[in-house]
Amino acid sequence: MSRKSAPAPQTPRPSFPARLPSEGAGVRARTAARPRPVAEPPSGVGLDSQAVRVQMVRRLPAIASAEVAQALTRVERHRFVDSALVGQAYEDTALPIGLGQTISKPSVVARMLDLLVQGRTVPLGRVLEIGTGCGYQAALLAQLASEVYSIERLRGLHEKARENLRPMRLRNLHLLLGDGMLGYAQGAPYAGIIAAAGGAHLPAAWIEQLAPGGRLIAPVERSGGAQALVVVDHTREGLRQTVLEPVHFVPLKSGVL
Ligand code: SAH
């Protein structure tokens, strides 16, 4: 595990501006969290209107970061789901995206992004996302970080994400087809690593590719097979792991299909 130069004491989680040449981005998430009001189907306002997303954010459990709330308001979730499901795009619900995978529900996405930006005193540098899926969370990450590398193992979804994201022209988002269990060494080290699929343990590559001061957020299976959200901070003193609430993400699998 790399333990390189320690960050300055006053800046526990510095950013890591990208200096790479640019190249050419489920969650049946059901936290055991608080009950939430049932979302009404959007009415009166069109899905293209920002008002529908403002309403969605208002209904979610409190979002700590204004940046995260703003990103959720800006990114049009209905552009990432099948046309038959657009009516549910702004409900706090996970939706199928094909190939047996799901887009995480907005409250879980918000929670993970909040954890990613929490306590930062400087902007977020490079971020690695494992599990591009339909590309929704990747689009949000691109609003929050200087560079985003998002990796997907299923070609069909990788291509779908590319289609979904094309109109947004996010120049700092790099979509990759590959096995995210290996991370993506070319973009490392990362100020943040966020996984949308959970395995029995955290792959060693993720820890190795986490920058000093960086934070990793991922679902991990606990005894009995249930998953919990785990945060790993690469601190001056070493790695610090925190186990948070139960979650339900799709499985992390190896290989590319
Ligand atoms: N963030 C996504 C969520 C997709 S669901 C979204 O906003 O839509 C999780 C994704 O992780 C699935 O698409 C699944 O294929 C992918 N996945 C699982 N194991 C993986 C691995 N080893 N490498 C890359 N992607 C993986």
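**Exercise 1.** How many of the 9 residues of helix H4 (residues 136–144) are buried, and is the helix largely enclosed or not?

*Solution.* The model is a predicted one.
Step 1. Apply the cut-off: a residue is buried when its relative accessible area is under 20%.
Step 2. List the residues of H4 that satisfy this criterion: Tyr136, Gln137, Ala138, Ala139, Leu140, Leu141, Ala142 and Leu144.
Step 3. Conclude: 8 of the 9 residues are buried, so helix H4 is largely enclosed by the rest of the structure. As background for the chain as a whole, buried residues make up 53% of its 257 residues.

**Exercise 2.** State the strand order of the open sheet of 7 strands and identify its edge strands.

*Solution.* Step 1. Begin with the inventory of the protein chain, which comprises 6 helices and 11 strands.
Step 2. Read the order of the open sheet as E5-E4-E3-E6-E8-E9-E10, with mixed pairing.
Step 3. Locate the strands that pair on one side only: these edge strands are E5 (173–177) and E10 (238–247).
Step 4. Add the geometry: from one strand to the next, the twist averages 15 degrees.
Step 5. Place the helix that packs on the sheet: H5 (residues 155–165) touches strand E4 (145–152) and E5, and its direction makes about 160 degrees with that of E5.

**Exercise 3.** Determine the sense of pairing from E6 through E8 and E9 to E10.

*Solution.* Step 1. Strands E6 (residues 190–195) and E8 (residues 210–221) pair in the parallel sense over 4 bridges; within this pairing, Tyr190 has Leu210 of E8 as its bridge partner.
Step 2. Between E8 and E9 the sense is antiparallel, over 7 bridges, and Glu221 stands opposite Gln227 in E9. The hairpin of these two strands has 5 residues between them, and there Gly224 takes a positive phi near 90 degrees.
Step 3. E9 and E10 also run antiparallel, joined by 8 bridges. Asp233 stands opposite Arg240 in E10, and the hairpin from E9 to E10 passes through 2 residues.

**Exercise 4.** Which residues of strand E9 are buried on each of its faces?

*Solution.* Step 1. Assign one side: Gln227, Leu229, Val231, Asp233 and Thr235 are all buried.
Step 2. Assign the other side: Ala228, Val230, Val232 and His234 are likewise buried, and both faces are therefore covered.
Step 3. Conclude: with 9 of the 9 residues of E9 (residues 227–235) buried, the strand is largely enclosed by the rest of the structure.

Methods
Residues are numbered from 1 along each chain as its sequence is written. This is a predicted model: local features need pLDDT of at least 70, side-chain atom pairs count only at pLDDT 80 or more; totals for chains, interfaces and linings use all residues. Side-chain values use heavy atoms; hydrogens and water are left out. Buried means under 20% relative accessible area, exposed over 50%, partly exposed in between (1.4 Å probe, protein chains only). Two strands pair if DSSP finds at least two bridges between them. Axes are lines fitted to C-alpha atoms, for helices over the stretch in contact, and angles run from 0 to 180 degrees between N-to-C directions. Contact means heavy atoms within 4.5 Å.
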